[in-house]
Amino acid sequence: MSRILVVEQSPTMRYSLVKRLKAQGFEPDTLEDFRQAQAILKGESQAFGTLVLGWPRNTSNAVDDLLVLLEEPGFHHLVVIVVSEEQDPARKSWVTRRPHSALLLWENIEEIPECITALNKLNAPQPNTNQDIDRASIKVLLVDDSPTVRVTYNRLLTGHGYQVETAASVREGYQKALDTPFDLAIIDYFMPEQTGDELCRLLRDDSRTAGVTTSILTGTYMDNVIQSSLGAGAVECMFKNEAQALFLARVDAMSRSVLDRRVIERESKHLEGLLNSVGDGVYGVDNRGRITFMNPLARSLLGFTEDDVVVGRDPHALFHHSFSDGTPKPSNRCFLSQSYQTGERLSDWHTLFWTQAGNSFPVEGTVYPVQIENDRQGSVVAFRDVTARHLMEEELRWQANHDALTKLLNRHYFEEELQKEVQRVSRSKNCSALLLIDLDQFKYINDTAGHAAGDELLIQVSHRLSNRLRSQDTLARLGGDEFALILRNLDRTQIQNAAESFRQMLANHSFCYGDMHYNINGSIGIAMIDADAESPGEVLAHADVAVHIAKEKGRNQTHLYSPENEHRRLMDRDLGWSNRLRAAIENDEFELVFQPVFPASQTLRDGDDPDPDACWDRLHDLAGPDQLQYEALLRLPGEHQELIPPGAFLNAAERFSLMPAIDRLVVEKVIALLAREPEAPVRNIAVNLSAQTMTDPELVDDITRLLIDYRVDPGRLSFEITETTAITNLDAAQQLITQLGSLGCTFALDDFGSGFSSFGQLKHLEVDYIKIDGLFIQGLVSDPMDRHVVLAITQIAHSLGKKTVAEFVETLDVMEAAHKCGVDYIQGHCVGPARRWSDIRGD
């Protein structure tokens, strides 16, 4: 650092100054005579970098001459620190006017080393810090009653790039500010009619001019002037006798503030635009839980207009104040109100909001606390109206638990009810029963009068059974022409009488369709549900055995299962199937048939021949080799070479754990077929995997080995897993899909929509195809809700990059409706029944 010269008349004060400077490593030169100091500085103007000047109590010509010398431009390089016992206006004015100067009171003398260091840093050459100021964009209003002052400062400001307009009075300045938007206003304090602080106050309190940054310009330093000006809204007090460079520096500082505010306002408008464009309602709260902003969508959802005042109000009192029944909800029991106070982050919450009209609607959303430099500044709440989704979910729940045709409960829901009833009875002394009802003439009517007649018969029977049902009983359609009832809290005699009354009701019903009349009978199997019932599966198996016995007795009968009489019969039947299936596996007796899966874009339209063979030929010609897909279906040849469908023997195969062996046999047959015909016009063939097979730890290795041994492209092999199986064994399904998918195999999720958890789990299963459950497809033409469900499934699947397949397409109308819903592929009897491979190839 350059040399320091200390000029102080008092030896005591001089000693004190030198002592403090030496303690910080400085070695100052000292003088007590102001004339001598003036001579040294004139002779060695560049020898010293800092002058510490003890201002005497009584001024003199020597002091005045030295002060004048220091104000000359040739001495502006010198840092001057004036040490004084008081801050009188003369000292302040001189220090303010001269660059690189400071006033330090003797009571703060210990700060002098730091003051010297700081001023020398400021005095060092500085980079141009004003290059980032766009002065041309800053509009300045200069108000002063003196024409000379207006001309001087106007020339100074415009010469440095500012836009300037002038006014001669408070009244003129205020009117100009109203007429033209200004960024800065530099206002003289002492003017004839009104003082400058009055204009500051006018500009501040008028919303049209509140954005103007104001400063006071005065020629006299007075504490009350500064206080009054700052109180009126001025951000600066500038002095007419200070250096022009300092004046410009102050104006530049205010300009930076203006430009920074512009950036903030632009960001604010940008954020406001984003908030206005998002698809969610958004509002903010402060740490007290009061609303700070609300976007237009939130206002619309809650019933507020643009004129309604919501900022500053309590959101709990406005729109989340009550439970669903309208009962007031205390704020200490409201999780949203608690999160406002604690700053807790909440994700995926669900509650009710209330509109201004008093209507409630379900919402879900998030609460995010806002942290600025580790200081919590309230929270931002985003929410959306989920009324439509709730309605869809309710409909999906209903669809998942009911039969699409008869509107009765379906097998899935009924089995859950049966399990609950078995558990309830096991804890009580009550007795209930399961009735299985199988229509005796259904297949004949279905085959001779058509499927429409069969459907109408099932609907009529469901209505008759429902009309005879007590409120505590449960009725369901299990599938086909099979119905099931749970009759609760009846003794054995009452149960048999009830079963007989159901049988007689069916026998007395005459079914009319067209010109034909049919007598309807039903075989009913009864299984007791009491403390001895071990499981729902056992009860259902007993009722199934009882139905078969009723049919064997001549149909139109009821039969009560008796463990003593039927146990051997049941064992014999199961063992018979077990032996038959084991022999079929060992002797390779199973056969495969293949049902095509055609692109929906190639499906038929009105006027096309609805005959399945004609459909097959036309679609087969339209679809290219890279689009044809088939599903391999298992059949077991009967005694007379008829093909027995898997529904007759799969339950027995599962009970005896034979499914893994059967599935492996099917996989190998399909791979062998693909190996024999590498040029066959087929994209891939799908194989169904059971739950038992999917959890087999050796499955992936076995399939990989078969693909390698037969040299088959894995991309030509696809696997189907039912939705229920996949969700029940989610981890195993994910692992299987990942491992075989990495080889190139594709996967389809079968019967999608049969379980309500479908949408929730779909994102976890990396399948390629979604096969929509047939209960939705069959009602596409007649049921608007089924169309909405299929549309929703298709849209969600497509958004996840998956293709959709409509199963059980039986008519051209259903085919057309599925295509309009955006389904990618069609499968069903209408477009192609299952056939042997030799029939497909024309051998």
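Over the face of which residue does K139 lie, and at what distance from the ring centre?

## Charges over rings

In this predicted model, K139 lies over the face of F182, and the distance from the ring centre is 5.6 Å. A second arrangement of this kind involves K329, whose charged end sits over the ring of F323 at 5.5 Å from its centre.

## The parallel sheet and helix α8

Five strands with parallel pairing make up an open sheet, and their order is β7-β6-β8-β9-β10. At its edges stand β7 (163–167) and β10 (236–239), each of which pairs on one side only, while the twist from one strand to the next averages 25 degrees. Within this sheet, β6 and β7 are joined in the parallel sense over five bridges, and L142 has T166 in β7 as its bridge partner. As general background, the strands of a sheet pair through backbone hydrogen bonds, in either a parallel or an antiparallel manner.

Helix α8 (residues 196–205) has G196, D197, L199, C200 and L203 as its buried residues. Because they cover an arc of only 155 degrees around the axis, they are placed on the same side of α8. In an α-helix generally, there are 3.6 residues a turn, so residues three or four places apart point the same way. The buried residues of α8 pack against the strands β6 (139–143), β8 (184–188) and β9 (213–218), and also against the helices α7 (170–179) and α9 (223–231).

## Strand β1 and its partners

Strand β1 (residues 3–7) is mostly covered, with four of its five residues buried. β1 pairs with β3 in the parallel sense over five bridges, and in that strand T50 is the bridge partner of I4. β1 also pairs with strand β2 (residues 29–31), again in the parallel sense, over three bridges; here L5 stands opposite D29.

## The antiparallel sheet and the helices across it

Another open sheet has five strands in the order β12-β11-β15-β14-β13, and its pairing is antiparallel. Because β12 (291–294) and β13 (346–354) stand at the edges with a single partner strand each, one side of each is left without a neighbour in the sheet. Neighbouring strands of this sheet are turned against each other by 30 degrees on average, with direction ignored. Strand β14 (residues 360–372) and strand β15 (residues 375–385) pair in the antiparallel sense over nine bridges, and V367 stands opposite V381 in β15.

Two helices lie across strands of this sheet. Helix α13 (residues 335–342) lies across β11 (281–285), β13, β14 and β15, and runs at about 125 degrees to β13. Helix α14 (residues 387–401) lies across β13, β14 and β15, and its direction is at about 125 degrees to β14.

## Aromatic pairs

How many aromatic pairs does a search of the whole structure find? The search finds 17. One of them joins W55 and W94, whose ring centres are 6.4 Å apart and whose planes are at 70 degrees, so the pair is edge-to-face. This pair links distant parts of the chain, since W55 is in the loop between β3 (48–54) and α3 (61–71), W94 is in helix α4 (residues 89–97), and the two are 39 residues apart. With a relative accessible area of 16%, W55 is buried, and W94 likewise counts as buried, at 3% relative accessibility.

The rings of Y769 and Y825 have centres 6.0 Å apart and planes at 75 degrees, so this pair is edge-to-face. Here too distant parts of the chain are linked, with Y769 in strand β29 (residues 769–772), Y825 in strand β31 (residues 825–826), and their positions 56 residues apart. Y769 counts as buried at 7% relative accessibility, as does Y825 at 8%. In addition, ring pairs link Y283, F319, F335, W349, F353, F361 and F383 into a cluster.

## Residue A498

Is A498 buried or exposed? A498 has a relative accessible area of 18%, and because buried means under 20%, this residue counts as buried. A498 is found in helix α18 (residues 492–507). The C-alpha atoms of A498 and R468 are separated by 9.7 Å, although the two residues are 30 residues apart along the chain.

Definitions and conventions. Residues numbered from 1 in each chain as written. Predicted model: local features only at pLDDT ≥ 70, side-chain atom pairs only at ≥ 80, totals over all residues. Heavy atoms only, no water. Buried < 20%, exposed > 50% of the residue type's maximum accessible area, 1.4 Å probe, protein only. Pairing = 2+ DSSP bridges. Axes fitted to C-alpha atoms, helices over the stretch in contact; angles between N-to-C directions. Contact = heavy atoms within 4.5 Å. Phe/Tyr/Trp six-rings, centres within 6.5 Å; stacked < 30°, edge-to-face > 60°. Lys NZ or Arg CZ within 6 Å of the ring centre and 35° of its normal. Arc of directions from axis to C-beta.
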